[in-house]
Amino acid sequence: MAEREFVNAVEMRPYDAGRLVEFTTMCTHEMEADGHGETGSQVTFRGRVVTVANGMTFGRGWSQITLDPDDGMPRVTSVLGGHRHVELLPEPGSADRP
């Protein structure tokens with residue numbers, strides 16, 4: 001079994017669209033309205049990346065990741081800073097699947 005692979009969230013790029021990932025973030029009002037959790041609580045999402053946009057605010061990098069959760073819940077968009085990590089997951093059926 002391969003080691004788990006993590007990247008800093010700000011290292012995610014648009015070419016990562018289509019990757020299977022997992023990350024934890026803070027639940028927003030929009031996420032709560034879609035049934036993803038309670039505003040202000042930590043929520044973990046696992047699914048396929050749809051889009052990634054990168055930016056910088058006051059010298060701090062961030063990645064905006066849009067994800068199709070694999071649990072059938074509505075699509076979610078989250079802005080992750082350098083204090084967050086994203087786990088890059090193996091594709092279903094691959095020998096590296098945990």
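Let's start with Phe-58. Is this residue buried or exposed? Phe-58 is exposed, with a relative accessible area of 83%. The cut-off for exposed is over 50%, so Phe-58 counts as exposed. Keep in mind that this is a predicted model.

Where does Phe-58 lie? It sits in the loop between β3, residues 42-57, and β4, residues 60-69. Look at its backbone too. Phe-58 has a positive phi of about 50°, and it is not a glycine. For context, most residues other than glycine have a negative phi.

Now the sheet. Six strands make up an open sheet. Read across, the order is β1-β6-β2-β3-β4-β5. The pairing is antiparallel. Which strands stand at the edges? They are β1, residues 5-8, and β5, residues 76-81. Each has a single partner strand, so one side of each is left without a neighbour in the sheet. From one strand to the next, the twist averages 40°.

Take one pair of strands, β4 and β5. They run antiparallel, and six bridges join them. For a landmark, find Gln-64: it stands opposite Val-79 in β5.

Next, the core. How many residues does the largest nonpolar core have? It has 17. The residues with the most contacts inside it are Met-12, Val-21, Phe-23, Ile-65 and Val-86. Which elements give two or more residues? They are β2 (20-26), β3, β4, β5 and β6 (85-88). The element that gives the most is β3, with four residues.

Let's zoom in on Met-12. Set aside its neighbours within four places in sequence. Met-12 is then in contact with Val-7, Val-21, Val-49, Val-52, Asn-54, Ser-63, Ile-65, Val-86 and Leu-88. Two of those names, Val-21 and Ile-65, you have just heard in the core list.

Last stop, Thr-25. This residue is in strand β2. Its relative accessibility is 5%. Buried means under 20%, so Thr-25 counts as buried. What does its side chain meet? A polar contact of 3.2 Å joins the side chains of Thr-25 and Ser-78. Again leaving aside neighbours within four places in sequence, the contacts of Thr-25 include Met-31, Ser-41, Gln-42, Val-43 and Phe-45. Ser-78, Leu-80 and Arg-84 are also in contact with Thr-25.

To recap the two ends of this tour: Phe-58 is exposed, whereas Thr-25 is buried.

Note on methods: Residues are numbered from 1 along each chain as its sequence is written. This is a predicted model: local features need pLDDT of at least 70, side-chain atom pairs count only at pLDDT 80 or more; totals for chains, interfaces and linings use all residues. Side-chain values use heavy atoms; hydrogens and water are left out. Buried means under 20% relative accessible area, exposed over 50%, partly exposed in between (1.4 Å probe, protein chains only). Two strands pair if DSSP finds at least two bridges between them. Axes are lines fitted to C-alpha atoms, for helices over the stretch in contact, and angles run from 0 to 180 degrees between N-to-C directions. A nonpolar core is a set of buried Ala, Val, Leu, Ile, Met, Phe, Trp, Tyr and Cys residues joined through side-chain atoms within 4.5 Å. Contact means heavy atoms within 4.5 Å. A polar contact is a pair of N or O atoms within 3.5 Å; within protein, one must be able to donate a hydrogen and the other to accept it, and residues adjacent in sequence count only if both atoms are side-chain atoms.
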